[in-house]
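Welcome, and thanks for taking a look at this one. Below is a short walk through a few spots worth viewing on screen.

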Amino acid sequence: MTRQPLTVAVVGATGLVGGAMIQVLLERGFPVRELRLMASGRSAGRTTLVGGVARPVIEATPDAFAGVDIALFSAGASVSTELAPAAVRHGATVIDNSNAWRMDPAVPLVVSQVNPADAADHAGIIANPNCSTMQLVPVLMAIRDSVGIERVVVDTYQSVSGTGADAVAELEAQLGAHVAGEPLSASVYPHPIAFNALPEIDVFLDNGYTREEWKVVTESRKILHLPELRISCTAVRVPVFTSHSEAVHVETREPLSPERARRLFAAVPGVVIQDDPANHVYPLASNATGRDEVFVGRVRQDPSIADGRGLAFWVVSDNLRKGAATNAVEIAELIAEHDWIRPAAERGPVGSGRPA
Ligand SMILES: NC(=O)c1ccc[n+]([C@@H]2O[C@H](COP(=O)([O-])OP(=O)(O)OC[C@H]3O[C@@H](n4cnc5c(N)ncnc54)[C@H](OP(=O)(O)O)[C@@H]3O)[C@@H](O)[C@H]2O)c1
């Protein structure tokens, strides 16, 4: 990796993902010359903790990106749509965690261990996928590269931190209200999330899917370079604070035994097998939280598909870390290591307007 320290901006620094980004940058010793913490005007003048030290937060404005080398955006799609092109014009390379740019053909959508080379072909913005896609594609890659994929069905069990800090507070409040014997009030979600499973994540589309479900479909195709991949998803919000779980069913092109599948999955960097059902060992959200790996278990043959071409398994990962912050920092490491970024001081404004 480049030894030259870089100026890094975190946009959404007061949020759950922004906080995780700061944490991961510190943990991995990313070479930071200046860490510029940005949020909305509401947070300007406040501080946020960086390694236990209170650091000032500034308002994210176009001019705040002057001199920034890498900008990690995690403040929602409208902020990314408005400010990422401005950051690029100031010479920054943007790694964007929202869905604003993911399906733009000119923007690479990258999972560090699946399609790192795609990051080379950027014009200023690199997109980080949706958290539920993120943990799925490293495992699907192993199947694609060995026996081929005919069809995928994935059902997600997603934690409330995937919605943001307000949703975490809402679940906590509902748990407290239940204990106190009070009615549960809901504002972030349309129904109480406590003691429920809500089959509604993001808005409903005309095709009957939710946008979250459709993100899994379209983003998986793009990252895996399988534009015709047959894939369907049901995305469900569950009363878990952190880490998403997924039940995955794959129809493979050639037969694939569970034993071989476990070996293939374990060979993917960052994938860990936890699969000893007799001893109640399988991936759990509570164990995955705070970790960077994707955990896979319950690997078994799906007998509803002939000739040993059906495989079912369970995938769990921390949505705030690998699902968002860790992959973003891994992309930052990748572009620094391969010199796919130049320090802003040596780089003129992009100015082509391509990302905008
Ligand atoms: N949570 C996940 O698992 C996950 C995974 C993948 C992607 N994402 C995406 O990451 C983004 C943030 O998620 P989160 O969970 O961190 O949400 P969050 O906890 O609600 O935090 C939102 C952050 O965005 C900032 N923000 C809001 N409006 C802004 C504006 N106009 N200008 C600048 N900053 C603004 C907030 O700053 P203030 O404190 O000043 O309001 C806060 O720092 C979303 O796009 C989400 O879809 C989240």
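Let us start inside the protein, with D69: its relative accessibility is 0%, so this residue counts as buried, the cut-off for that label being under 20%. Please keep in mind that this is a predicted model. Along the chain, D69 sits in the loop that runs between β4 (53-59) and β5 (70-73).

What does the side chain of D69 contact? A polar atom of that side chain lies 2.6 Å from the backbone nitrogen of T7. The side chain of D69 also meets the side chain of R33, in a polar contact of 3.4 Å. The buried loop residue D69 is thus a good place to pause and turn the view, with T7 and R33 displayed alongside.

Next comes the ligand. It is surrounded by 25 residues, and T14, S40, R42, S43 and S161 are the closest of them. Some polar contacts to ligand oxygen atoms are set out here, with the protein side of each pair named.

| Residue | Protein atom in the pair | Distance to a ligand oxygen atom |
|---|---|---|
| S40 | N or O atom of the side chain | 2.6 Å |
| R42 | N or O atom of the side chain | 2.8 Å |
| G76 | polar backbone atom | 3.2 Å |

How much of the ligand does the protein bury? On its own the ligand would expose 900 Å², and 77% of that is buried by the protein. For S40 and R42 the side chain supplies the atom in the pair, whereas for G76 the backbone does.

Now to the aromatic rings, which form four pairs. In one of these, Y209 and W214 have ring centres 5.1 Å apart and planes at 55 degrees, so the pair counts as tilted. Are these two residues buried or partly exposed? Y209 is partly exposed because its relative accessibility is 24%, and W214, at 30%, is likewise classed as partly exposed.

Finally, have a look at the surface. L175, F195 and F241 together make a nonpolar patch of about 260 Å². One of its members, L175, belongs to helix α4, which spans residues 165-179. L175 has a relative accessibility of 31%, so it counts as partly exposed. That value also explains why L175 can be a patch member, because patches are made of residues with over 30% relative accessible area.

Notes
Residues are numbered from 1 along each chain as its sequence is written. This is a predicted model: local features need pLDDT of at least 70, side-chain atom pairs count only at pLDDT 80 or more; totals for chains, interfaces and linings use all residues. Side-chain values use heavy atoms; hydrogens and water are left out. Patches are made of residues with over 30% relative accessible area and no salt bridge: like charges are joined within 9 Å, nonpolar side chains (Val, Leu, Ile, Met, Phe, Trp, Tyr) within 5 Å. Accessible areas come from the Shrake-Rupley method with a 1.4 Å probe; for residues, only the protein chains shown count as cover. A salt bridge is a side-chain nitrogen of Lys or Arg within 4 Å of a carboxyl oxygen of Asp or Glu. Helices (H or I, at least four residues) and strands (E, at least two) are DSSP runs, numbered from the N terminus. Buried means under 20% relative accessible area, exposed over 50%, partly exposed in between (1.4 Å probe, protein chains only). A residue is near a molecule or strand if one of its heavy atoms lies within 4 Å of it. A polar contact is a pair of N or O atoms within 3.5 Å; within protein, one must be able to donate a hydrogen and the other to accept it, and residues adjacent in sequence count only if both atoms are side-chain atoms. Rings of Phe, Tyr and Trp (its six-membered ring) pair if their centres lie within 6.5 Å; planes under 30 degrees apart count as stacked, over 60 as edge-to-face and the rest as tilted.
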